[in-house]
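Here are some short exercises on charged pairs and cysteines, each with a worked solution. Take a moment with the sequence and the model, then work through them at your own pace.

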Amino acid sequence: MAPRTCEVCKEAQSKYKCPICLAPYCSLGCFKKHKENPCKKSVPEEELTVQKLPERSYQVDEPNWVVDKEQFQSIVESSEILGALKDGELRKLIQKIDSSEKPENELTRAMEGRTFREFTDKILAVLNPQNQPAN
């Protein structure tokens, strides 16, 4: 496994991991700085496994809603999206939509909440980076 860089200073090689969120850090100073913002417990790897989706046909009204292979790869490789998926509540919400008999209704309900809307905004930002406002 390749050495990881400290997530706090972004310079030194990490020697340690936060006992709560498993973020790599290099020193006591970086650990103290990391602890200034509360972190969440890391999700065990076995909880991140993909569950089988229900058998049903998937149809879309607009062909441009279909994600092509390159777009899908961009989503998969996005550290921001992967970070968001560590949120257990978000994963439960996505699973609820996927396993629902009426996923459109569940999706509409999910979009009423801030967490899911922010997640979809991150996906759209990956798919359409030119439409993002300049910082």
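A disulfide is a pair of cysteine sulfur atoms within 2.5 Å. Before you start, note that this is a predicted model, where local features need pLDDT of at least 70, side-chain atom pairs count only at pLDDT 80 or more, and totals for chains, interfaces and linings use all residues. Residues are numbered from 1 along each chain as its sequence is written, and side-chain values use heavy atoms, with hydrogens and water left out.

**Exercise 1. Work out whether Cys-26 is bonded or free of a disulfide.**

Step 1: The count of disulfides in the structure is 0. Cys-26 is in none, and its nearest cysteine sulfur is that of Cys-30, 3.7 Å away.

Step 2: Look from the other side. The closest cysteine sulfur to that of Cys-30 belongs to Cys-26, and 3.7 Å is too far for a bond.

Step 3: Check the surroundings. Buried means under 20% relative accessible area, exposed means over 50%, and partly exposed lies in between (1.4 Å probe, protein chains only). Cys-26 is buried at 13% relative accessibility, and Cys-30 is buried at 10%.

**Exercise 2. Describe the salt bridge between Glu-89 and Lys-92.**

Step 1: Recall the rule: a salt bridge is a side-chain nitrogen of Lys or Arg within 4 Å of a carboxyl oxygen of Asp or Glu. The structure holds 5 of them.

Step 2: For Glu-89 and Lys-92, the N to O distance is 3.8 Å.

Step 3: Place the pair. Helices (H or I, at least four residues) are DSSP runs, numbered from the N terminus. Both residues lie in helix α4 (residues 88-99), 3 residues apart, which is about one turn of the helix.

Step 4: Add accessibility. Glu-89 is exposed at 55%, and Lys-92 is exposed at 54%.

**Exercise 3. Which residues do shared salt-bridge partners join into one network?**

Step 1: Start with Glu-106 and Lys-96, whose side chains meet in a salt bridge of 3.9 Å, N to O. This pair links distant parts of the chain: Glu-106 sits in helix α5 (residues 103-110) and Lys-96 in helix α4, 10 residues apart.

Step 2: Arg-109 also forms a salt bridge with Glu-106, at 2.6 Å, N to O. Both lie in helix α5, 3 residues apart, about one turn of the helix.

Step 3: Join the pieces. Through shared partners, Lys-96, Glu-106 and Arg-109 make one network.

Step 4: Compare accessibility. Glu-106 is buried at 14%, Lys-96 is partly exposed at 46%, and Arg-109 is partly exposed at 48%.

Terms used. Helices (H or I, at least four residues) and strands (E, at least two) are DSSP runs, numbered from the N terminus.
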